[in-house]
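Reader: Please take one part of this predicted model and look at it closely, telling me where it sits and what surrounds it. I would like the reasoning to be careful, and I would like to see how the part fits into the whole chain.

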Amino acid sequence: MARILLLGSTGFVGRGVTHRALDAGHQIRVLVRDPMKAAAFKVRGAQVVVGDALNPNSVAQAAQGVDHIISMVAVRRNQPQSYLAVNVDGPRILGQAAIAAGVRSVVLVSAVGAKLDPHFKYFTSRWMGEQELAKTGVAGTILRFTFIIGEDGGIVHDFERTLVGPFAMIPGSGQSRMQPILREDAARCIIESVAKPELLGKIVELGGPEVVTFETMYDWFLQARRIKKAKFKMPTAVLTPVAIAMEAVQKDPRITPDEVRMSQIDNLAAGIDSVSVAFGWRPSAPAAWAPSHWSKRA
């Protein structure tokens, strides 16, 4: 049993991680801006602290007396909060607070594809955040995940946005390769990593046990929801300027130019058995999971 501070506990990944940590019997503290969103955690025994994970003072105070900090704080779009403020400055604030509090280790949840590349703003911001964490000198583990899928949110939300009139829109060819991992399995990896000192100082890429195309995942969704719309593959040469225009005038566009570019590249971890190698167990197959879990709105 460990004392763990969770940042980003109310987000898509964070909810699964927090409940998994409580199931495992850890003493959990969550730092949240809205305590109402953490009510279910409090009922289960978590300590709820109100503050902002991007405020150095809030994180420093919340870090006092814990053994480990896990951060799942990130944004995939550059608005309303910016990549710089969240994906880059956030890990630096985390590392500095952990050092000051004498925390034993931190776990930063990142993304497969994180790299310095001006063509991919999100991936570049995640790479920069990893670098900022390392610069603080904290003992840390970086877990890069492929697409994490759950009953709600994440890529399901993206799929829902592609249903336009009589069409189900696929960006580009739909043939980029994906290695999706279930949210419950990702959460298990994240929690188990705090008890693995051999992972400190490492970047670990993790994904599910299947490699499928983007279109195959989309078909899972359409079939589970019994959606009969005609699939239409929109060429990126057409979709990109549309996405640029939507991003310029809409607060919450259906798709951004950066998302168009990311959808056209493979999203694969370092091996099909990446979880087995790092943690000694095999994650569930999304192909068998999707039909029942995506069958209706969460």
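Author: Two residues are in contact here when heavy atoms of theirs lie within 4.5 Å of each other. With that in mind, the part to look at is strand β9, with the helix and the strand that its residue I170 touches, and it should be kept in mind throughout that the model is predicted.

Strand β9 covers residues 167-171, and I170 belongs to it. I170 has a relative accessible area of 1%, and because buried means under 20%, this residue counts as buried. Leaving aside neighbours within four places in sequence, the residues in contact with I170 are F214, E215, Y218, K231, F232, K233 and M234. Helix α8 runs over residues 214-225 and strand β14 over 230-234, so the contacts of I170 can be divided between these two elements: F214, E215 and Y218 fall in α8, while K231, F232, K233 and M234 fall in β14. The C-alpha atoms of I170 and K233 are 4.6 Å apart, although 63 residues separate the two in sequence.

F167 lies in strand β9 as well, but its surroundings read differently. With a relative accessible area of 38%, F167 is partly exposed, and, not counting residues up to four places away in sequence, it touches T162, K229, A230 and F232. F232 therefore appears among the contacts of I170 and among those of F167, as a residue of β14 (230-234). F167 also gives a long distance across the model: its C-alpha is 49 Å from that of T136, although the two are 31 residues apart in sequence.

Helix α8, on which part of the contact list of I170 draws, can be checked for its length and for its cover. Its 12 residues should span 16 Å at 1.5 Å a residue, and its end C-alpha atoms are 17 Å apart, which agrees. Of these 12 residues 9 are buried, so the helix is largely enclosed by the rest of the structure. The buried ones are F214, E215, M217, Y218, W220, F221, L222, A224 and R225, and the three α8 residues that touch I170, namely F214, E215 and Y218, are found in that list.

The end of α8 deserves attention. Most residues other than glycine have a negative phi, and most peptide bonds are trans. Just after α8, R226 takes a positive phi of about 55°, although R226 is not a glycine. This residue lies in the loop between α8 and β14, and its relative accessible area of 73% makes it exposed, whereas R225, the residue of α8 before it, is buried. A departure from the trans form occurs elsewhere in the chain, where the peptide bond from Q79 to P80 is cis, with omega near 5°; P80 lies in the loop between β4 (68-71) and α4.

For comparison, other elements of the chain can be read in the same manner. Helix α7 (residues 183-193) has 8 of its 11 residues buried, so the rest of the structure largely encloses it; among the buried residues are C189, I190 and I191, along with the charged R183 and D185. Helix α5 (residues 121-135) has 15 residues and reaches 21 Å from its first C-alpha to its last, close to the 21 Å expected at 1.5 Å a residue. The cover over the buried residues of α5 includes α4 (83-101), β5 (105-111), β6 (140-145), β12 (203-206) and α10 (257-263). In strand β2 (residues 27-32), R29 can be found, and this residue is buried, with a relative accessible area of 16%. The contacts of R29 beyond four places in sequence include I4, L5, L6 and Q47.

As for the whole, the chain has 12 helices and 14 strands. Its radius of gyration of 19 Å agrees with the value near 19 Å for a compact globule of 298 residues, and 51% of these 298 residues are buried. The contacts between β9 and the later elements described above have their counterpart in the chain total, in which residues 24 or more positions apart account for 78% of the contacts with a separation of 6 or more.

Notes
Residues numbered from 1 in each chain as written. Predicted model: local features only at pLDDT ≥ 70, side-chain atom pairs only at ≥ 80, totals over all residues. Heavy atoms only, no water. Helix = DSSP H or I, 4+ residues; strand = E, 2+ residues; numbered from the N terminus. Rg over C-alpha atoms; globule rule 2.2 N^0.38 Å. Buried < 20%, exposed > 50% of the residue type's maximum accessible area, 1.4 Å probe, protein only. Expected span 1.5 Å × (residues − 1).
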